[in-house]
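I opened this notebook page to record how the two chains meet and how one pair of helices packs. The entries follow the order in which I looked things up.

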Amino acid sequence: MSAFTQALWVLLLGSLLGLELIGKVPPTLHTPLMSGANAISGITVLASLTLIAQANDQLPLLVLGSLSLGFALFNVVGGFLVTDRMLAMFSRKSPRTGANR
Amino acid sequence: MAGLDLLPALIDLGAVLLLALGIKGLSKVSTARSANGLAALAMALAVLGLLIQQPLSPQAWLWVAIGTGLGGLLGLITAQRVPMTAMPETVALFNGCGGMASLLVALGVALFNPGGSSGLVEQISIVISVFVGAITFSGSIVAMGKLQGWIDTPGWTQSTMRHSVNISLAVACLAGAIALPGDMAGAPLWLLVVASSLLGIGVTLPIGGADMPVVISLLNSYSGVAAAAAGFVVGSQMLIVAGAMVGAAGLILTQVMCTAMNRSLVSVLFGGALGGSAPVGGGGEEAGYTRITSCSAEECAIALEAAERVVFVPGYGLAVAQAQHALRELSKLLENHGVEVTYAIHPVAGRMPGHMNVLLAEADVPYEQLLEMDTVNPEFPRTDVVIVLGANDVVNPDAKTDSTSPLYGMPVLEVDQARQVFVVKRSLGAGYAGIKNALFELPQTAMVFGDAKAVLNGLLSELRSMGVGKKVAA
């Protein structure tokens, strides 16, 4: 199997997995889920790092790679933290006993 | 596979597994927070695996440090500073930056060809990565600008002219894409970059504010696609699988959100702003109401004092007025008085689905008091007082009864079943959908005009002066 065919299989199976992972989402979680998924899409950091690694110390490539790494990490770090901030609000309070239902 | 390759491969597999578990866990309330952590851990693992496979030179490390420092620090600051009410535009901003990252990687590979080879597969991947990355970036930035109120909807974008503009831009993109393999680092590349960016603006600009969350969710899915395409460009399977997973999951989430808002994806993308195309109700200003009862905060407070069961219906207006803390205080006061208080949350209350839950949670409202539509609707007939705070279309009874209404079929909160309804609203202006609300004219409904926060504070002081919530023996 060539590297490309292999990559296509990976693409196909990854997409199918993604379609299956999210079924019923309570509306409460739409915003955090979107924000979390958004953070994950910052996985482009891997591409930025690869670009830097393969740059052979060529300056323009290093700069482009570094810039792209900055954008991607802004997405990743900001995304995960903001999602955590939102979700922390849901879990902070322990259920109160006997209070109004 | 040689032993040396085994470790990074195992790390990658572990990262994919954690990522999948993370996405799955994020769709359940009980596991969401730890799942978010899992996904972050997966990301760190993936980076570790890559660094083992691709050692960096000292100079490369320097540039990695610069990018990491700047991006990470800005992300950290933004995530901590941004108010919860501004969450939709923040997600849009983050998302746009993810798209920009894919775009920059593809540009770097196209311009300098560091890998040394450029087969057809690589060229196609570059085209996709540039195209999707640029659309994600410019579209997200426009979405953010519209949500922040920095950008209006220009008139021409509501006419059919926008279709011709966007089609010409798409043709320009296609021309650039076809010419690209002949001249990797030349004019076709820049044509593609510019035309895709403009196309991102052109398709997002006509969409109204109410539909923006769907657009952001869709753009989020695109940024997954852009990441997968970047994976093909640099030959990283980890990137392909993660990008594909987020792309597909984002698509499902977009669909789920559309269903909750009773909109089809096609009408969101091509229908223009809702209400802009439907000439109903005279465009929104005081649209022909005849039987409106208005009342003061005092009368409302008296009704609250006498009630046994109160339901608050918070909406966009509450978020705008930043009144969630005042609301929490009011409900605490009523609870101390022995009133049963709950909140009815429509799936699309707030500025995007689920946003209201976040805002109320921030104001310390206990999670169990937030009732979803299906739970709360059967309860309205035995509810004494409903207070609608800055919500409009989601409580419009026409959605159930009037088949000519544009809202017809949208699931709504059946507040008209309650004994008494107070609607706190700044004016009789129409909601997002730009249509009349039959609820306002019902005999049991009274309007309390004013800013949600001011009205709530007024209610608080009225109730306090009536002695409610003081230490009365139960």
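Is the crossing of H5(B) and H7(B) left-handed or right-handed? I worked on a predicted model, and in it I found this crossing to be right-handed.

Entry 1, the helix pair in chain B. I took helix H5 of chain B as residues 120-148 and helix H7 of chain B as residues 187-204. I noted an angle of about 35° between them, with the axes 7 Å apart. I then listed the residues that meet. On the side of H5(B), I recorded Val127(B), Phe131(B), Ile135(B), Gly139(B) and Lys146(B) among them. On the side of H7(B), the residues include Leu189(B), Leu192(B), Ser196(B), Gly200(B) and Thr204(B). I sorted the residues of this contact by class and obtained 12 nonpolar, 6 polar and 1 charged.

Entry 2, the extent of the interface. I next turned to chain A and chain B. I counted 83 residues of chain A in contact with 105 residues of chain B. The buried area between the two chains came to about 8,600 Å², and carbon and sulfur atoms give 75% of that area. I asked which three residues of chain A supply more of the area it buries against chain B than any other three. They are Leu21(A), Met34(A) and Phe74(A), which supply 9%.

Entry 3, polar and charged pairs. I counted 13 residue pairs in polar contact between chain A and chain B, with both residues at pLDDT 80 or more. Four helices of chain A, namely H1 (3-21), H2 (30-40), H3 (45-53) and H4 (59-91), each supply at least two residues of the side that touches chain B. The largest share comes from H4(A), with 32 residues. By class, I divided the residues of this side of chain A into 49 nonpolar, 26 polar and 8 charged.

Entry 4, salt bridges. I found 8 salt bridges in the structure over all chains. One pair crosses between chains, running from Arg33(B) in helix H2 (residues 32-53) of chain B to Asp84(A) in helix H4 of chain A. Across the interface of chain A and chain B, I noted 1 salt bridge by the rule. In the pair of Arg33(B) and Asp84(A), the closest N and O atoms are 2.9 Å apart. I added a general remark that side chains of opposite charge can pair when their charged atoms come close.

Note on methods: Residues numbered from 1 in each chain as written. Chains lettered and ligands numbered in written order. Predicted model: local features only at pLDDT ≥ 70, side-chain atom pairs only at ≥ 80, totals over all residues. Heavy atoms only, no water. Axes fitted to C-alpha atoms, helices over the stretch in contact; angles between N-to-C directions. Left-handed = near helix turned anticlockwise from the far one by under 90°. Contact = heavy atoms within 4.5 Å. Nonpolar A, V, L, I, M, F, W, Y, C, P; charged D, E, K, R; others polar. Buried area = accessible area lost by both parts, 1.4 Å probe. Salt bridge = Lys/Arg side-chain N within 4 Å of Asp/Glu carboxyl O. Polar contact = N/O pair within 3.5 Å; in protein donor to acceptor, adjacent residues only side chain to side chain.
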